[in-house]
Amino acid sequence: MSNMVIDKNKPVLVTGATGYVAGWIVKRLLEEGITVHAAVRNPDDHSKIKHLEQLAANLPGTLRFFKADLLQENSFEAAMAGCDIVFHTASPFTLDVKDPEKELVEPAKLGTRNVLNTANKVSSVKRVVLTSSCAAIYGDNADCENIPGGVFTEKDWNTTSTVQTKAYSYSKTVAEKEAWDISNKQSNWRLVVVNPSLVLGPGINPQATSESFKIFQQMGNGKMKTGVPHLGMGVVDVRDLAEAHFRAAYLPDASGRHIVSGHNTSFPQIAASLLPKFSAYPIPRRTIPKALVWLFAPLVDKTITRTFVSRNMGWDWHADNSKSIQALGITYRPLEASTQDMFQQMIDSGAFLPKS
Ligand code: NAP
């Protein structure tokens with residue numbers, strides 16, 4: 001796309017720069033010669049930032065680290081000073097929490113408020129690109145019954161998740177709503193939202209802690225070797241997602257929400273995409289009947305409730321990604337490219353062994 005307008009004299013801010021998704025966004029920006037202000041919780045923790053330093057050493061752009069926490073008011077001020085674009089990616093993505101309100105909802109919602117209130121004070125900011133999620137579009141796969149054609153679009157909002165039932169999805173929904181509320185009260189900057197489905201593909205940092213890695217690891221560590229349920233879902237490659245953020249920032253006409261999802265797929269299809277290359281590993285080869293999962297899964301894993309099974313397993317998932325293709329010009333790579341590259345990276349970093 002040639003109509004992007006990039007002012008390389010202005011730095012940009014990436015919040016949560018240590019993250020899986022942010023790593024590829026930082027890389028894309030540095031490739032372009034842009035100065036990136038990387039906001040991280042602890043810039044002194046070298047183990048969390050060394051992959052970014054290595055990137056910067058080999059790319060034309062400049063990288064500067066700033067200390068900031070979503071829950072500390074005004075803590076993004078120094079990092080945002082002089083920036084024309086803010087990429088707000090920071091938000092906890094984990095399903096294993098004890099106190100979902102404190103661990104997920106507060107950092108997502110209050111963090112978004114904190115970052116955007118700072119954007120209101122920093123007059124150089126012209127655009128905020130928010131990493132929301134398809135989790136802010138739908139709650140359960142069964143929600144497709146209540147929408148026209150059963151296909152999720154940017155018009156849809158997650159109305160079914162609660163902090164008790166699906167706290168992560170709820171956290172992303174309230175955070176995106178908060179962003180639109182703040183954005184609609186001002187005219188200095190434009191909010192452009194990216195709504196990815198499940199992100200797969202290799203990490204810039206192979207030791208990434210994103211839930212994406214935990215979910216995907218189960219494909220090769222034997223935990224699912226007896227099979228997987230039919231669970232429809234969307235998948236997008238992390239590299240395509242970084243490109244979507246980049247274009248959302250620099251295409252002058254980009255606006256509103258964007259479903260960024262390469263494939264309407266499912267757990268069994270994700271597993272099948274690995275088999276041609278990695279058949280030596282204990283990858284799930286069978287689809288487990290829903291009734292069996294409903295009966296036994298809650299006994300084995302407390303995070304899988306029978307309501308979750310009923311409203312998600314056995315359901316296909318369809319979202320319309322045409323706005324991302326038309327307005328942002330995204331070309332999605334094949335599912336195998338994401339799953340196989342990620343699996344290979346996990347093998348290389350010793351995450352799992354071939355089946356004995
Ligand atoms: P990730 O690797 O866990 O990244 C999350 C980032 O948020 C980390 O940099 C983390 O910093 C930061 N963070 C968390 N709590 C913070 C706090 N209190 N203050 C400052 N920073 C904080 O996960 P990810 O997959 O890259 O997710 C990035 C974004 O994409 C999130 O907004 C997520 O909701 C969204 N998303 C992800 C997916 C997916 O499948 N991965 C799908 C849709 C949307 P630390 O390194 O210090 O913990």
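The following exercises, each with a worked solution, concern the predicted model shown above.

Residues are numbered from 1 along each chain as its sequence is written, and side-chain values use heavy atoms, with hydrogens and water left out. Because the model is predicted, local features need pLDDT of at least 70 and side-chain atom pairs count only at pLDDT 80 or more, whereas totals for chains, interfaces and linings use all residues.

**Exercise 1. The ligand shell**

Determine how many residues surround the ligand, and which polar contacts the ligand makes with Tyr 20, Lys 48 and Lys 172.

Step 1. A residue is near the ligand if one of its heavy atoms lies within 4 Å of it. The shell consists of 26 residues, and the closest are Thr 18, Lys 48, Tyr 168, Lys 172 and Ser 210.

Step 2. Sort the shell by class, with Ala, Val, Leu, Ile, Met, Phe, Trp, Tyr, Cys and Pro as nonpolar, Asp, Glu, Lys and Arg as charged, and the others, Gly among them, as polar. The shell then has 11 nonpolar, 11 polar and four charged residues.

Step 3. Look for polar contacts (pairs of N or O atoms within 3.5 Å; within protein, one must be able to donate a hydrogen and the other to accept it, and residues adjacent in sequence count only if both atoms are side-chain atoms). A polar side-chain atom of Lys 48 is 2.6 Å from a ligand oxygen. For Lys 172, an N or O atom of the side chain lies 2.8 Å from an oxygen atom of the ligand. Tyr 20 instead presents a polar backbone atom, 2.9 Å from a ligand oxygen.

Step 4. Consider the ligand surface, using accessible areas from the Shrake-Rupley method with a 1.4 Å probe. Taken alone, the ligand exposes 880 Å², of which the protein buries 92%.

Step 5. Assign the shell to helices (H or I, at least four residues) and strands (E, at least two), which are DSSP runs numbered from the N terminus. Helix H1 (20-31), helix H5 (167-183) and strand E7 (198-200) each give two or more residues to the shell.

**Exercise 2. The two sides of helix H9**

Identify the buried residues of helix H9 (residues 290-300) and state where they lie around the axis.

Step 1. Apply the classes: buried means under 20% relative accessible area, exposed over 50%, and partly exposed in between (1.4 Å probe, protein chains only). Val 293, Ala 297 and Pro 298 are the buried residues of H9.

Step 2. These residues are on the same side of H9 because they cover an arc of only 95 degrees around the axis; the arc is that of the directions from the helix axis to the C-beta atoms.

Step 3. Ala 291 and Leu 299 are exposed on the other side of H9.

Step 4. The buried residues pack against strand E8 (228-229), strand E12 (287-288) and H10, where contact means heavy atoms within 4.5 Å.

**Exercise 3. His 318 and Ala 319**

Is His 318 buried or partly exposed, and which residues does His 318 touch?

Step 1. His 318 is found in the loop between helix H10 (306-312) and helix H11 (322-328), and Ala 319 is in the loop between H10 and H11 as well.

Step 2. With a relative accessible area of 37%, His 318 is partly exposed; Ala 319, at 9%, is buried.

Step 3. Not counting residues up to four places away in sequence, His 318 touches Gly 150, Val 151, Phe 152 and Asn 264. On that basis, Ala 319 contacts Val 151, Phe 152, Ile 259 and Asn 264.
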